[in-house]
Amino acid sequence: MSDRHLTDDPIAVRADSDQYWDLRLYVTGRSPNCLRAIGNLRRACEEHLADRYQIEIVDLLENPRLAAEDQILAVPTVVRRLPQPIRKIIGDLSDAARLLVGLQLREPGRTRT
Amino acid sequence: MDNTALTGSTDIAAGPELAKAATGISGLDQITGGGLPLGRVTLVTGSAGAGKTLLGLQFLVAGAREHGEPGVLLTFEESAAKVAANVRSLGFDLDELQRDGLLVVLSFRVEPTEIVTTGAFDFEPLFLTLDDAIGRVGAQRVVLDTLEVLFGVFGEDSTVRAELSRLARWLEDRGVTAIVTGERGSSSLTRHGIEEYVSDCVLVLDHRVHEEISTRRLRLVKYRGSAHGTNEYPFLISARGFVVLPVTSIALDYAAPEERFSTGIARLDHMLGGGLFLGSTVLVSGTAGTGKTSLGAHLMNSACARGERALWVLFEESPGQVLRNMRSIGLDLRPWVDAGLLRMWAARPSAFGLEAHLAALSRLIEEVSPSVGVLDGIGSLAHGAASPEVTSMVARQIDLFKARGITAMVTALGHGDETSNLSVSSMVDTWLLLRNIETNGERNRLLFVLKSRGTAHSNQVREFVLTDHGVELVDVYAGAAGVLTGSARLAQRAAERDAELRRTDELDRRRRELHRSISERESHFAAVQDQLAAERAELDQLDLRERRHVTSADADRLAMAAGRWADADPNGGGQR
């Protein structure tokens, strides 16, 4: 599944709804992976969800117990709290296409049909 | 990773003993010589349902309750509430331990369906969580159950491996004694090879089903720096938790009392040089219907008659059936049962797994605390499982008796030869073989003493007869015609008795004849003596008469001379 193929298909991007996106990004301090993830997430949201999203950054170093409470095993993790259902995207989000699939901004199967 | 652990087995005995953390699991601490390596990571691997989680939990509970070592459980498989509910029936109150600050239970549920990975990541939150939990209760024990779930979520990612390796080192650096569990792989210890990161101690739990009987086994694959038993040990999950059943005879340190214990059959006692040694084990083997159970009944009867408690474990018949059958040979054991001296326990070999049999026996021995026990029909355990497993089980059962100094009799169906199909003969002290022999259209029973350690025992074969007053041992007739038993023996007896009668008759006749002859000769001798005496008397008479005649003749002559007034005779004549 190539990046070019995906972006060529505008139907795949469900950016035209009035759905509000509530995202939370879990990080541990300022590790390189986390810093990259923050940048990648912001960029993707600006591109596809301008004015319809909110990103909350949670540093687990400050409150380690949140990891177990929110079931965060790895960092960086983006949790899509809204729209339901909850989705988790783990990693530095360097693969933009996978990030969009993960956030279900794009259906993975749509490009084929 | 430091390499200070001893690797040479010779060093183990001489070197300082590794510090250990007791698991609180009876049997496991025995096998490991005290517990898991302190401050190190132990891998517990096994298939699903093998008891990995329970082992880990028991380790934590024992630490918290008995050793003042709080613990942390991090589970990836179930919710914390579910884990607590699962072990509540075993008497583990995880909630209470958590309230008392002795335990932290954390769970991470990872749903592969709601997770997508993209790009680099690490498991720092896992470390943070553990670090926080360890710090919160001052934990010294940590259980991670089952780490391999991570591979299911993240795939065979090199990040996962690197992070697991880091986690193992981190746990050691923290100085906690940890258990990580893993799924058993088809060709490796764990499905994802996590044994690579945990190299100090590896325990494998096995739950196999053979011919519909499940048996649980535990094996200590590796224990760096410590001597350990390498066998497979059966274990069970009982109402009190995880129980491992090691063979305690590893040490062979039973007491060997000199006292004897009667088998209840006087002639058998005599054959054994006075009876069984107290606390010894007798194997009675023989083909079907040779009277093995009857021998057991005698042993039970004699023990109960002395007021001792006895345990009779039946693998082939029900107690009622055995009691009835034994009454037919004149042994009424019912009163002993009623008096609470004799405990009979019957269990179909296939009713449950072998280790459960063993556990049941262990519990019975504890309950009854008998001075003598009989395991009747152990061979039929083999119907339920493969033979090597049965052998090891029987060995452990014998061991249960031996370790407590209980005199035991084990009866097994054999094929009449001297090689027992359950190779337990080396474990027993005395081996009695019962054999059927078929001659003249009848079957008779023979009893041999194949071995009896430490006693001068009879090398004689005895015929084993079941009478209405119990078992009797009868001398067999061994002669030119071979060993005779049953009616052949009786016929031989009769023939011998006839011959004996004929011989005594002949003697009597001869004796009478001689008596008669002697008395004849004596009377003859008396007659001759009489005649002799008569003749002597006559002879004396004759002599007397002769002398008298001479004297009177002289007197006559003198008288006549005087009468004739003859001339005086110058010679004086009759005046002499």
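**Two chains, a shared sheet and a nine-stranded sheet**

In this predicted model, the mean pLDDT of chain A is 78, and 77% of its residues reach 70 or more. For chain B the average pLDDT is 80, with 86% of the residues scoring at least 70. Each chain also has a stretch that calls for caution. In chain A, pLDDT stays under 50 over residues 1-13, a stretch for which the model has 18 contacts beyond four places in sequence. In chain B, pLDDT stays under 50 over residues 1-15, and there the model has 12 contacts beyond four places in sequence. The scores for the model are ipTM 0.81 and pTM 0.60.

The meeting of the two chains is a good place to begin. Here 28 residues of chain A are in contact with 21 residues of chain B. On the side of chain A that touches chain B, α3 (65-69), β4 and α4 (96-102) each supply at least two residues. Sorted by class, this side of chain A has 16 nonpolar, 6 polar and 6 charged residues.

Strand β4 of chain A also takes part in a sheet that includes strands of both chains. This open sheet of 5 strands has the order β2(A)-β1(A)-β3(A)-β4(A)-β6(B), and its pairing is mixed. At its edges stand β2 (53-59) of chain A and β6 (115-117) of chain B, each of which pairs on one side only. From one strand to the next, the twist averages 20°.

The sheet can be followed strand by strand. Strand β1 (residues 21-27) of chain A pairs with β3(A) in the antiparallel sense over 5 bridges, and the bridge partner of A:Y26 in β3(A) is A:T77. Strand β3 (residues 77-82) of chain A then pairs with β4 (residues 87-90) of chain A, again in the antiparallel sense, over 4 bridges. A:T77 stands opposite A:I90 in β4(A), while A:R80 stands opposite A:R87. A hairpin through 4 residues joins β3(A) to β4(A). The step from chain A to chain B comes next: β4(A) and β6(B) run parallel and are joined by 3 bridges. Across this step, A:K88 stands opposite B:I115 in β6(B). As a general point for reading such a sheet, side chains in a regular strand alternate between the two faces of the sheet.

Attention now turns to chain B as a whole. Its secondary structure comes to 15 helices and 25 strands, and buried residues make up 42% of its 576 residues. Among contacts in chain B between residues at least 6 apart in sequence, 71% join residues at least 24 apart.

Chain B contains an open sheet of 9 strands, in the order β17-β16-β18-β19-β15-β20-β21-β22-β23, with mixed pairing. Strands β17 (342-346) and β23 (470-475) of chain B stand at the edges with a single partner strand each, so one side of each is left without a neighbour in the sheet. Neighbouring strands of this sheet are turned by 20° against each other on average, direction ignored. Helix α13 (residues 354-368) of chain B lies across β16 (310-314) and β17 of chain B, and it runs at about 160° to β16(B).

Within this sheet, strand β15 (residues 281-286) of chain B pairs with β20(B) in the parallel sense over 5 bridges. One of the residues involved is B:G286, whose bridge partner in β20(B) is B:L434. Strand β20 (residues 430-439) of chain B also holds B:N436. This residue has 17 other C-beta atoms within 10 Å, so B:N436 is partly exposed. Not counting residues up to four places away in sequence, B:N436 touches B:T287, B:T290, B:R443 and B:R445. B:N436 and B:L447 lie 11 residues apart in sequence, and their C-alpha atoms are 9.0 Å apart in space.

Finally, helix α10 (residues 292-305) of chain B invites a simple check of its length. At 1.5 Å a residue, its 14 residues should span 20 Å, and this agrees with the 20 Å between its end C-alpha atoms. The surroundings of α10(B) can be described as well: 13 of its 14 residues are buried, so the helix is largely enclosed by the rest of the structure. Just after α10(B), B:G307 takes a positive phi of about 85°.

How values were computed. Residues numbered from 1 in each chain as written. Chains lettered and ligands numbered in written order. Pairing = 2+ DSSP bridges. Axes fitted to C-alpha atoms, helices over the stretch in contact; angles between N-to-C directions. Expected span 1.5 Å × (residues − 1). Buried ≥ 20, exposed ≤ 12 C-beta atoms within 10 Å, placed from the backbone. Contact = placed C-beta atoms within 7 Å. Nonpolar A, V, L, I, M, F, W, Y, C, P; charged D, E, K, R; others polar. pLDDT = per-residue confidence, 0-100.
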